[in-house]
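Colleague: Could you take me through one part of this model at close range, and then show me what surrounds that part?

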Amino acid sequence: MASTITLSVTRWRPDRSMPPGPQEYEVPLRKEWTVLDGLNHIKNEIDQTLAFRWSCRMGICGSCGMNVNGEPRLTCGAFLSDYAPGPIRVEPLANFPIARDLIVDMSDFMEKLPRVKPWVIRDDDVTEIDGEYLQTPEELDAYKQFSMCINCMLCYAACPVYGLDPDFVGPAAIALAERYDLDSRDHGARERLDVLIEHEGVWGCTFVGECTRVCPKHVDPAGAIQRYKLKAAQQTVKAFLLPRAMR
Amino acid sequence: MSGNLTLRQPMSTWWWLRKRTYFVFVMRELSSLFVAWYVLFLLLLVRAVDRGDAAYADFLDWAGSPVIVAINVVAFAFIVLHTVTWFSLTPQAMDLRVGGRPVPGWQIIAGQYAGLALVSGFVWWLVTR
């Protein structure tokens, strides 16, 4: 095995008028090194002006998402040796505006997320509870998968619908709405449906399914969106057929 | 962190050629046109049958012409793609539970193929009896 590998890293600075372009760096090819380790090596030893996000380096924080050879990946989980002999293309996550080098601007998601009300909504007026709300293991299982989302944005980078129409609410936000809908403590399904039944909500999705394939936490946002469509359709039929009291 | 300080890169028109999964998706979407073509073809057949023997013979002549046969061969390939891809996506969209337990994906898919076989068998019987 060669002792080094080339990382072709996208560079862009907002204060210069140059378009984004690749810059090549040679980094040691070590069995246990990930793309993130390679980037940290560049930052520490070769070029300290390189900008990228990272934090936990163990697939928990969701900060280090980038496009690696065109595929959205958590760079802390993408091993250099899997891409040998290289070169490895490291680019900022697709479909987001670039802020600098490998850093993208996620404000769009931060604005969309609260719109789907991803918190427990109660229809009683209890502000303080006596003890706790109990859940059975089955009730926990119902939503647990969707609660694993770490907001890493890989699903948005993989979604061509979001790329073509940035108004689309998007996979992670809808999966998180589903996470609270399926929670036995929550009564907010109706409120969330009002937001997601809009065209830019679930109906924007054409079931490409790529969000689910790239998700490092196996959340299956595509599944969540299709189930939401079913709920939305059932609600529409009910609203058409049933008197108000029975909906 | 927004406005002039960030750079949005437009998506290429050819984004769907970049990845195999994107390409299959676009072909699956395209297959809907061929489903519509089959519906039209069937309606034309029904109309010809309704109009009597001469119209039916004309329809058969038209349907046997090389262009229509070629279109139908391509259409059939797309219908197969449509069926296989949508069947395999169904478990993701359906949270089917029997007695509280989730039904495994392969059983949902197998159920659809069984349904398809059943309906096809019925149509076969109806046409050939």
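The answer below begins with a sheet in chain A and then moves outwards.

Modeller: Happy to! This is a predicted model, in which local features need pLDDT of at least 70, side-chain atom pairs count only at pLDDT 80 or more, and totals for chains, interfaces and linings use all residues. Residues are numbered from 1 along each chain as its sequence is written, while chains are lettered from A and ligands numbered from 1 in the order in which they are written.

Let us begin with the order of the strands. Five strands of chain A make an open sheet with mixed pairing, in the order β2-β1-β5-β3-β4. Strands here are DSSP runs of E with at least two residues and helices are runs of H or I with at least four, numbered from the N terminus. To count as paired, two strands need at least two bridges found by DSSP. At the edges are β2 (21–28) and β4 of chain A, each pairing on one side only. On average, neighbouring strands of the sheet are turned by 35° against each other, direction ignored.

Now walk across the sheet from the β2(A) edge. Eight bridges link β1(A) and β2(A) in the antiparallel sense, and A:T10 has A:P22 in β2(A) as its bridge partner. Between β1(A) and β5(A) the pairing is parallel, over three bridges; there you can find A:S8 opposite A:R89 of β5(A).

Which strands form a hairpin with two residues between them? They are β3(A) and β4(A), and A:N69 in their turn has a positive phi of about 50°. These two strands pair antiparallel over four bridges, with A:G65 standing opposite A:L74 of β4(A).

The remaining step joins β3(A) to β5 (residues 88–91) of chain A through two bridges, again antiparallel. A:V68 has A:V90 in β5(A) as its bridge partner. Packed on the sheet is helix α1 (residues 35–46) of chain A, which touches β1 (4–11), β2, β3 and β5 of chain A, and its direction makes about 95° with that of β2(A). Axes are lines fitted to C-alpha atoms, for helices over the stretch in contact, and angles between N-to-C directions run from 0 to 180 degrees.

Next, the wider layout of chain A. The domain assignment gives domain 1 (4–104) and domain 2 (107–246); such bounds come from an automatic or database domain assignment. The C-alpha centres of these two domains of chain A are 31 Å apart. In chain A, 13 residues of domain 1 are in contact with 13 residues of domain 2, where contact means that C-beta atoms, placed from the backbone, lie within 7 Å. Our hairpin strands come back here: β3 (65–68) and β4 (71–74) of chain A each supply at least two residues of the side of domain 1 that touches domain 2. The residues on that side of domain 1 of chain A divide into seven nonpolar, six polar and no charged. In this scheme Ala, Val, Leu, Ile, Met, Phe, Trp, Tyr, Cys and Pro count as nonpolar, Asp, Glu, Lys and Arg as charged, and the others, Gly among them, as polar.

Chain A also touches chain B, with 25 residues from chain A and 18 from chain B in the contact. On the chain A side, β6 (98–100), α5 (160–164), α8 (210–214) and α9 (221–241) each supply at least two residues. Helix α9(A) gives the most, with five residues. The chain A side divides into 12 nonpolar, seven polar and six charged residues.

Helix α9(A) has a helical partner as well. Its axis and that of α6 (residues 171–181) of chain A come within 8 Å and cross at roughly 65°. Among the residues making this contact are A:I174 and A:E178 of α6(A) and A:I225 and A:R227 of α9(A). The contact residues of α6(A) with α9(A) divide into nine nonpolar, no polar and two charged.

Finally, a word on confidence. The predictor gives the complex an ipTM of 0.85 and a pTM of 0.89. Chain B has a mean pLDDT of 92, with 97% of its residues at 70 or more; pLDDT is the predictor's confidence in each residue, from 0 to 100.

Terms used:
Contact = placed C-beta atoms within 7 Å.
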